[in-house]
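Q: Before I look at any single residue, I would like to learn how to read a model of this kind step by step. Could we begin with the terms and then move on to the features themselves?

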Amino acid sequence: MNALNIHPLPHDPFHAALRNVGIPLNLRRRFDPDAEDNLEAHISASAPSTLYGFRTDIARWMAHCATMSVDPLAPKARDVRDFIKAFEIGRLPSTVKRMVANISVLTSAIMGNKNVCHSKVVKSEMKRLRRERGGQHKQALAIRMLGDVASMDDPAEPFSTEMMLKVLEPDKSLRGLRGKLLISLGADTGRRNMEYRDADFRHLASGPGGTGRFHVDRSKTDQDGNGIVRFVSRRTMRYRDEWIAARLAAGEDITFDSPLLIGIDQHGNPGTRLTASGYHIAMRWTVRRALTLLSADYPELASQIDYIVEHVSGHSFRVGMVQDLITAGEPMAVICIEGGWETSTMPLLYGRNIDVKNGGCARLRGKLGDE
C-alpha cells in the first residue's frame with residue numbers, strides 16, 4: 001500500500017480499446033462480451049485513417065450526449081436528429097453523414113441496439129441538410145501539366161507543372177529541390193499525398209532509359225497491400241538524384257529506408273519525415289514561390305497567386321491528372337486504372353469542373369470547323 005492508499009488496477013486491454021476510439025472508461029460496464037468482441041473487431045479491421053475519423057466523431061457524440069443527458073450507447077432517433085442540428089453549422093453534409101454513420105456503428109453494429117440512425121426522423125433531417133446546403137466536397141484546384149489548355153498540343157500556361165518547374169530549375173536549395181521533386185512526382189503519378197509522405201527512397205526506383213517506377217505498398221483503396229507501380233519521368237528521377245546529393249551534403253545518412261520527403265527547418269537543415277500539415281505547407285510554399293517568380297513575366301498572375309495557393313491541396317495533382325487524361329482523349333478505363341479506382345464515380349467528379357473548351361462538344365466543333 002502506498003502513501004495515498006491507491007491500488008493500481010490490473011492491466012485491462014479493453015480499456016485501451018475504449019481509449020483508442022474515444023469512449024469514456026466509465027461506460028466499460030455497459031459492454032457485454034459480444035459488444036467487446038464487436039468493438040475489438042472494428043478496431044482490428046479499420047485502417048488508421050478510418051479509426052481517426054471514428055474516434056473524432058465519437059468524441060463529439062459523447063460530449064453532446066453528456067451535455068444533453070442522453071444515453072450515448074442507446075439513443076433515441078430524436079437524439080441523433082438533435083446532434084445533426086447542433087453540428088451541421090460550418091460542416092459539409094458529407095461530413096455530417098460520416099458522423100452519423102460512425103454513431104450507427106457504435107450504437108448498432110457494436111452495441112447491438114436498434115439502428116435509430118436509419119429511422120425516418122434521421123433520414124429526413126439528412127435530406128433536409130443536403131437540400132439546403134448541397135452535398136459535394138469543395139474540390140481542390142487542379143494542378144495540370146500544361147495548365148487549363150484545350151489541347152495537350154497547346155503551349156503551357158503560367159500555372160502549370162511545366163512552367164513552375166521551369167522557373168524553379170535554378171533553385172538548388174534543399175527547399176527548392178524538395179519542391180521540384182514534389183511537383184514533378186505529383187504530376188507524373190497523381191497519387192494521394194499520404195502515399196508520398198509514407199514513401200521511402202526504395203519506393204522511387206530506377207527504370208529503363210533513365211525513367212523510374214513509383215511503388216505504392218498500400219493505399220486508401222488497397223487496404224490489403226497488394227501494391228501498385230506507376231511510371232515516373234526522367235525529369236523526376238533527375239530531381240531525386242539532386243535531392244539525394246543535397247541531403248548527403250547536408251550530413252544525412254541516406255539509405256533505401258530513408259523517408260523520401262522530409263521537413264526542412266528555418267535554417268535550411270534537413271529534418272524528419274513530412275507530416276500531413278508539413279506536406280501542405282511544403283507544396284503551397286513551392287507553388288507560391290514559383291508563381292511569384294513567373295509573375296515577373298506574367299503580371300496578370302500576381303493578383304491570382306493568393307487564390308491559387310489557398311485552393312491547392314494534396315488532391316490537386318489527382319484532380320489535374322484526371323483533367324489532363326480527359327483532355328488527351330484517354331478512355332475512362334485508362335483513367336480509372338491510372339487513379340486506382342474501381343468505378344468511374346470519382347473521375348467523373350474530378351472532371352466535372354474542367355473548362356468548357358475541354359469538353360467533347362468543343363472538341364467536336366473544332367474538328368468540324370466553326371464559322
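A: A residue is called buried when its relative accessible area is under 20% and exposed when that value is over 50%, with partly exposed in between. Please keep in mind throughout that this is a predicted model.

Q: With those terms in hand, what share of the chain's residues count as buried, and how many helices and strands are there?

A: Of the 371 residues of the chain, 43% count as buried, and the secondary structure comes to 16 helices and five strands. The C-alpha trace spans about 75 × 60 × 40 Å along its principal axes.

Q: How do I read the two sides of a helix, and which residues of H3 are buried?

A: An α-helix has 3.6 residues a turn, so residues three or four places apart point the same way. Helix H3, residues 48-68, has 21 residues and reaches 30 Å from its first C-alpha to its last, close to the 30 Å expected. Its buried residues are Leu51, Gly53, Phe54, Asp57, Ile58, Trp61, Met62, His64 and Cys65. Seen down the axis of H3, these buried residues fall within an arc of 165°, so they line one face of the helix. On the other side of H3, Pro48, Ser49, Tyr52, Ala66 and Thr67 are exposed.

Q: Which helices do the buried residues of H3 pack against, and what follows H3?

A: The buried residues of H3 pack against helix H1 (13-20), helix H2 (33-45), helix H4 (77-87) and helix H5 (93-110). H3 is followed by Ser69, whose phi is positive, near 55°.

Q: Is Glu125 buried or exposed, and which residues is it in contact with beyond its neighbours in sequence?

A: Glu125, which lies in helix H6 (residues 120-133), counts as buried because its relative accessibility is 8%, under the 20% cut-off. Leaving aside neighbours within four places in sequence, Glu125 is in contact with Arg81, Ile84, Lys85 and Glu88.

Q: Finally, how is empty space found, and what lines the second largest pocket?

A: Rolling a probe the size of a water molecule over the atoms shows where empty space is left. The second largest pocket has a volume of about 520 Å³, and of the 22 residues that line this pocket, the closest to its centre are Leu141, Ala142, Asp148, Phe159 and Ile308. Helix H12 (residues 305-311) gives the most to this lining, with three residues, and the lining as a whole divides into ten nonpolar, six polar and six charged residues.

Key: Residues are numbered from 1 along each chain as its sequence is written. This is a predicted model: local features need pLDDT of at least 70, side-chain atom pairs count only at pLDDT 80 or more; totals for chains, interfaces and linings use all residues. Side-chain values use heavy atoms; hydrogens and water are left out. On a 1 Å grid over the protein atoms alone, a cavity is a set of points where a 1.4 Å probe fits but cannot get out, and a pocket is an open set with protein on both sides within 12 Å along at least five of seven lines; lining residues have an atom within 4 Å of a point. Grid points are joined across faces, edges and corners, and a volume is the space filled by probe spheres set on the points. Helices (H or I, at least four residues) and strands (E, at least two) are DSSP runs, numbered from the N terminus. Ala, Val, Leu, Ile, Met, Phe, Trp, Tyr, Cys and Pro count as nonpolar, Asp, Glu, Lys and Arg as charged, and the others, Gly among them, as polar. The expected span of a helix is 1.5 Å times one less than its number of residues. Buried means under 20% relative accessible area, exposed over 50%, partly exposed in between (1.4 Å probe, protein chains only). The arc is that of the directions from the helix axis to the C-beta atoms. Contact means heavy atoms within 4.5 Å.
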